[in-house]
Amino acid sequence: MRDGRSVTVEVTADGAGLVSRAGSGLVAAVADKLGLTRALSLRLAELKQRRRGHDPGRVIRDLAVMLADGGECVSDLGAIRDQQALFGPVASDSTAFRVIDRIASEPALLEALRAAQAAARERFWKRHGAPARLTIDVDATLICAHSEKEGAAGTYKGGFGFHPLLGYADETREALGGLLRPGNAGANTAADHQALLDLALAQIPDEHIETIEILVRADSAGATHGLVDYCREHRLRFSVGYELTEPVRTAILDLPAAAWAPASDQDDTVRANGEVAEITDRVDLSGWPEGSRLIVRRERPHPGAQLSFTDHDGYRFQAILTDQPDDSIALIERRHRQRAHIEDRIRDDKDTGLGKFPFRAFAHNQVWLQIVLLAHDLIVWTQALVLDGELQKAEPKRLRYRLLHVAARLTFSARRGKLHLQGTWPWAGELVAAFRRLKALPAAAG
């Protein structure tokens, strides 16, 4: 329809200079500006066997951009390979797999990927500003496998696949680490939590690691002596869910009405449904580090929710073990409730390559997980550095529709390229402004 009238559309294949991933080119350019591409190239230089062959670092960058673009497997590289005018030469699927295979064969090369990500993060923090405090959220998720893959196993929910453990920075939304595990890996395995925190701490720039205040948040799977003792040893605060054991339940039910105070919403206003109290002096916490506190919350379940045996008198209870010294227990409880943000991060990553592990070998899928984390950070860094308004926090699916998958005409004149966007596209102005902000950013040194 055009002007209310039906029209006949004739289709021809005689266009020139057309690209369909204009916004994804922005993500690739951010990787270059932050020095991620160069950092990958330097750390993977030993993999390049021929002078004219593809740069392994550039191959990894292209894989990360492909995942940010919405790809799910190596063959989806074709989506950007077919846009050579915008992305330049892109490796074939077989070449990309060989790079992944070499990295998978040497643990030091997987560490090289993480080191390159940390180097780019340091530059991002210098340009965008470092957070005043950092909250590391830790959680595991289940990823189904539909074939016999190395490391895949039965899960506690009766499925089959993997059970990776992931860590994100709440204040900056960045991905700090991921640990690929079999589907039957324990949710509360302290050694895995410690290994993940090792990866996360290695991602924090050296100039901040000694001074920044760090809080580790986890659900009840993190309420282990191994994790809490690790936090105390590394001078990290902790806030973890705590099991409603019989002593805890008894202490809650023995609280006088005056012990309960209103919970608060994220804007610091009184929460309509919810109260908090502290029962530290009513429960034996001698086995936990000095200064540990037990905060509890009670609330009325939402209409239709099914009550459990731990509920009482129409209330649902939750407990938090923490060593935060704040006077306001409502603030501590509210801060812990923000841990729900990690569910958004994991959902976004399942839409950015985490939804399936495409390889047969466990080591290959470990590399894939690291590339997913690179893609996650590329999206976050792009949003923070060159986007504004709603687009700064948009989920990948919306970002792809509005910016990344925008078609344009690419022309060249005097060795300069120019992208011509459709003037009537609602977000054309935002994409033009983003490219201008990117151009104004200084290039990575070295």
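Start by selecting glutamate 390 and arginine 398, which form a salt bridge whose closest N and O atoms are 2.7 Å apart. Keep in mind as you look around that this is a predicted model. Both ends of the pair are partly exposed: glutamate 390 has a relative accessible area of 45%, and arginine 398 has one of 42%.

**More salt bridges**

Next, pick aspartate 351 and arginine 400. These two also form a salt bridge, with 3.1 Å between the closest N and O atoms. Aspartate 351 sits in helix α13 (residues 341–354) and arginine 400 in helix α15 (residues 396–404), so the pair links distant parts of the chain, 49 residues apart. Color by accessibility here if you like: aspartate 351 is partly exposed at 34%, whereas arginine 400 is buried at 7%.

Now move to glutamate 275 and arginine 298, another salt bridge, where the closest N and O atoms are 2.8 Å apart. Because glutamate 275 belongs to strand β11 and arginine 298 to strand β12, the pair ties together parts that are 23 residues apart in sequence. Glutamate 275 counts as partly exposed, at 24% relative accessibility, while arginine 298 counts as buried, at 16%.

For a group rather than a pair, select Asp32, Arg58, Arg61 and Asp62, which are linked in a network of salt bridges. Over the structure, the count of salt bridges comes to 34.

**Around strand β13**

Stay with β12 and bring up its neighbor, strand β13 (residues 316–322). Five of the seven residues of β13 are buried, so the strand is largely enclosed by the rest of the structure. Strand β12 (residues 293–299) runs antiparallel to β13, and seven bridges join them. To see one of these contacts, select arginine 293 and its bridge partner in β13, threonine 322.

Then add strand β9 (residues 237–242), which pairs with β13 over four bridges, again in the antiparallel sense. Which residue of β13 stands opposite glycine 241? Select isoleucine 320 to find it.

**Two open sheets**

Strands of a sheet pair through backbone hydrogen bonds, so switching those on will help at this stop. Show β3, β5 and β4: they form an open sheet in the order β3-β5-β4, with antiparallel pairing. The edge strands are β3 (143–144) and β4 (153–154), each of which pairs on one side only. Between β3 and strand β5 (residues 160–162) there are two bridges. At one contact, isoleucine 143 has phenylalanine 162 in β5 as its bridge partner.

The other open sheet on this tour has three strands in the order β1-β14-β15, and its pairing is antiparallel. Here β1 and β15 (416–421) stand at the edges with a single partner strand each, so one side of each is left without a neighbor in the sheet. Two bridges join β1 to strand β14 (residues 408–413). Select leucine 18 and look across to its bridge partner in β14, arginine 409.

From β1 (18–19), step back into the segment before it to reach valine 11. Valine 11 is exposed, with a relative accessible area of 75%. Add Val7 and Val9, and you have a nonpolar patch on the surface, in which Val7, Val9 and Val11 together have about 320 Å² of accessible area.

**A covered helix**

Select residues 362–386 for helix α14. The 25 residues of α14 reach 36 Å from the first C-alpha to the last, close to the 36 Å expected at 1.5 Å a residue. Helix α14 is mostly covered, with 22 of its 25 residues buried.

**Two loops with a positive phi**

Most residues other than glycine have a negative phi. Two residues to check against that background follow. Arginine 173, in the loop between β6 (165–169) and β7 (175–179), has a positive phi near 70 degrees. Aspartate 268, in the loop between β10 (261–264) and β11 (270–278), has a positive phi of about 70 degrees. Is each of them buried or exposed? Arginine 173 counts as buried at 13% relative accessibility, whereas aspartate 268 is exposed at 56%.

**Last stop: the cysteines**

Finish with cysteine 73 and cysteine 144. A search of the whole structure finds zero disulfides. Why is cysteine 144 not bonded to cysteine 73? Its sulfur is 18 Å from that of cysteine 73, the closest cysteine sulfur, which is too far for a bond. Cysteine 73 counts as partly exposed, at 25% relative accessibility.

Terms used. Residues numbered from 1 in each chain as written. Predicted model: local features only at pLDDT ≥ 70, side-chain atom pairs only at ≥ 80, totals over all residues. Heavy atoms only, no water. Disulfide = S-S within 2.5 Å. Buried < 20%, exposed > 50% of the residue type's maximum accessible area, 1.4 Å probe, protein only. Patch = residues over 30% accessible without salt bridge, like charges linked within 9 Å, V, L, I, M, F, W, Y side chains within 5 Å. Areas by Shrake-Rupley, 256 points an atom, 1.4 Å probe, with all protein chains shown as cover. Salt bridge = Lys/Arg side-chain N within 4 Å of Asp/Glu carboxyl O. Expected span 1.5 Å × (residues − 1). Pairing = 2+ DSSP bridges.
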